[in-house]
Amino acid sequence: MKNGKIELMRFVMCISVLLYHLNIEYDLPEKMFGRWFSFFGNGRNGVEFFFIVSGFLMAKSAFKRRGDGVPVGKSTVLFLWGKIKRLFPPHIIVVLLTAAYIIMFYRNPVLALVSRLASVLFLQNTGVGLGSFIGVEWYISSMLIAMAIIYPLLRANYDVTARAVAPIGSLLIMGYLIQTYACLPNSTRINGLTYSSNLRAIGVMLLGVCAFEASRLIKSRKLLENHKVSMIALENLCYIIFIYYICSNFSTKYNAIAAMFCACAVAITFSREDMKLYNNKLIYLLGELALPVYLVQNIVRKIVLDYVDVGDVRKYKMVLFTTALCLASGVAVHYTVRLYYLIKTKVQKSKAAKQA
């Protein structure tokens, strides 16, 4: 069963990343609401929520499959394949939309398309490609690379990886990145043999593994049963701190600390069972829309910037317009994917009926 609060936060963090990019593109005032607030000045850190939740669910999957007799290599391939299958339909729709845009409007479309081919298979952050059809998809490429490294370690020796490697590994990697780049860097920066964003993904997803272990501890010690009010207060306080950081002008040097608050909140949220307020169809839908809205934002933002005459329109109205257009495009992609699955199911049933 889905966790409604996590699904709601998926959507909120997706929007925070979108608004962060719009903040930069429309050059909004640095201090929009006074000294202590900005218009999603650190909205890029919404990605940390995705990494943490992915690390949490990866650890949960590895924990459930302990001792199942499946070889580590095969188990890892099956796990990654399951992830890719869920990501691929909305991904390929947005790739095709972007490719169509390139063909129609780029001066050298063939070169532009060829340079982006590796990203069709989420390989842009391996370094073999020269570009990407969907710029913000660096996060997915790095996530899959990190999973390919961490998941087999969890399967080979869950206890050592989750309780020893994950805590110290997360701290050391995030600490190194903060000291080197003064932030948790994105894919445009190279570190040795790989993109620094791959290190970012590994470090923060290891933090997600720690969150899963913390969740197990909360359940085994019955902390929510015995200290329900204080635990829920801590959960919400951590979310408030993380979201406030996203909306602040605080230094990017605090990226890792903000991620730790987020991990604490996620651990408690996944431990709770009294989530009736959040477990409803509307919130589940918002959670499902997070990925298509996240993916489609690049092409929508580019079209608006290149072809919409801003003129005397206020910047904040353009932000609102672009956000609404991204949401509408995300909804269209989401229901196109649902239609695909519906047709696929009907075709499979038809084949099964003929064979019977």
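**Exercise 1.** Classify Y101 and Y106 as buried, partly exposed or exposed.

*Solution.* Y101 has a relative accessibility of 6% and therefore counts as buried; the term means under 20% relative accessible area, while exposed means over 50% and partly exposed lies in between, with a 1.4 Å probe and protein chains only. The value for Y106 is 28%, so this residue counts as partly exposed. The model is predicted, so local features need pLDDT of at least 70 and side-chain atom pairs count only at pLDDT 80 or more, whereas totals for chains, interfaces and linings use all residues. Residues are numbered from 1 along each chain as its sequence is written, and side-chain values use heavy atoms, with hydrogens and water left out.

**Exercise 2.** Count the aromatic pairs, then state the geometry of F79 with Y151 and of Y101 with Y106.

*Solution.* Step 1 is the rule: rings of Phe, Tyr and Trp (its six-membered ring) pair if their centres lie within 6.5 Å; planes under 30 degrees apart are stacked, over 60 edge-to-face, and the rest tilted. The count comes to 20 aromatic pairs.

Step 2 takes F79 and Y151, whose ring centres are 4.1 Å apart and whose planes meet at 5°, so this pair is stacked. It joins distant parts of the chain, since F79 belongs to helix α3 (residues 72–105) and Y151 to helix α5 (residues 138–156), 72 residues apart. Helices (H or I, at least four residues) and strands (E, at least two) are DSSP runs numbered from the N terminus. Both F79 and Y151 are buried.

Step 3 turns to Y101 and Y106: with centres 6.3 Å apart and planes at 75°, they form an edge-to-face pair.

Step 4 looks beyond single pairs. Ring pairs join F49, F50, F51, W138, Y139 and Y294 into a cluster.

**Exercise 3.** Which residues touch the most other members of the largest nonpolar core, and which helix gives the core its largest share?

*Solution.* A nonpolar core is a set of buried Ala, Val, Leu, Ile, Met, Phe, Trp, Tyr and Cys residues joined through side-chain atoms within 4.5 Å. The largest one holds 97 residues, among which F49 and V266 touch the most other members. Helix α2 (residues 46–64) supplies the largest share, 11 residues. A second, separate core has 5 residues, including I218, L224, M231 and I232.

The contacts of F49 follow, where contact means heavy atoms within 4.5 Å. Leaving out residues up to four places away in sequence, F49 touches I6, M9, R10, M13, F242, C262 and V266. As background, nonpolar side chains tend to be buried together in soluble globular proteins.

**Exercise 4.** Compare the length of α2 with its expected span, and state how many of its residues are buried.

*Solution.* The expected span is 1.5 Å times one less than the number of residues. For the 19 residues of α2 this gives 27 Å, and the end C-alpha atoms are 28 Å apart, which agrees. Of these 19 residues, 16 are buried, so α2 is largely enclosed by the rest of the structure.

**Exercise 5.** How many disulfides does the model contain, and how far from C14 and C247 are the nearest cysteine sulfurs?

*Solution.* A disulfide is counted when two cysteine sulfur atoms lie within 2.5 Å, and the count comes to 0. C14 is in no disulfide, the nearest cysteine sulfur being that of C326 at 8.6 Å. The closest cysteine sulfur to that of C247 belongs to C262, and at 13 Å it is too far for a bond. C14 is buried at 0% relative accessibility, and C247 is also buried, at 15%.

**Exercise 6.** Locate K5, state whether it is buried or exposed, and list its contacts.

*Solution.* K5 lies in helix α1 (residues 4–25). Its relative accessible area is 5%, so K5 is buried. Apart from residues up to four places away in sequence, K5 touches E235, N236, Y239, T269, R272, M275 and Y278.

**Exercise 7.** Where do A182 and K222 lie, and what are their phi values?

*Solution.* A182 is in the loop between α6 (158–181) and β1 (190–191). Its phi is near 60°, a positive value in a residue other than glycine, and A182 is partly exposed at 27% relative accessible area. K222 lies in the loop between α7 (196–220) and α8 (223–226). Its phi is positive, about 55°, although K222 is not a glycine; at 45% relative accessible area, K222 is partly exposed.
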